[in-house]
Amino acid sequence: RPSRDDAGARLVTVVMRNIGAMDAGRAAVALYDGHEILGRKDVKSVPAGNSSMDNFTAVEFPWTPASGVHRLRAVIESADDDVTVLDPEITEVRFIP
């Protein structure tokens, strides 16, 4: 059963994992429905770790879908004031709810 926020919108949870040896710094995650951006949130950091219990940051987006088919995708981006270059091969995950 999908979770919902106080206004009744569905909550889409995006989980960012860091399989590297060092904590990742500031980043942002954007959620899209097709080419339409549903939201963008900054993330302070994503911790490194060998355990899937340690190396993640979860970000929630409220979403009230219209009827029809939707293709959601999350894209990890550099934070607005960060000059870090992210590899697009590993920063985009496509999924269908």
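Colleague: What makes the approach of the Arg 73 side chain to the backbone oxygen of Gly 34 a polar contact?

Modeller: The side chain of Arg 73 reaches that oxygen of Gly 34 at 3.5 Å, and a polar contact is a pair of N or O atoms within 3.5 Å, where one must be able to donate a hydrogen and the other to accept it, and residues adjacent in sequence count only if both atoms are side-chain atoms. This is a predicted model, in which local features need pLDDT of at least 70 and side-chain atom pairs count only at pLDDT 80 or more, while totals for chains, interfaces and linings use all residues. Residues are numbered from 1 along each chain as its sequence is written, and side-chain values use heavy atoms, with hydrogens and water left out.

Colleague: Why is Arg 73 called buried?

Modeller: Its relative accessibility is 16%, and buried means under 20% relative accessible area, with exposed over 50% and partly exposed in between (1.4 Å probe, protein chains only), so Arg 73 counts as buried.

Colleague: How do you know that Arg 73 lies over the face of Tyr 32?

Modeller: Arg 73 is at 4.4 Å from the ring centre of Tyr 32, and a charge sits over a ring if NZ of Lys or CZ of Arg is within 6 Å of the ring centre and within 35 degrees of the ring normal. The charged end of Lys 41 likewise sits over the ring of Phe 61, 5.2 Å from its centre.

Colleague: Which strand holds Arg 73?

Modeller: Arg 73 is found in strand E5, residues 72-78, and strands (E, at least two residues) are DSSP runs, numbered from the N terminus. The protein has six strands.

Technical notes
Helix = DSSP H or I, 4+ residues; strand = E, 2+ residues; numbered from the N terminus.
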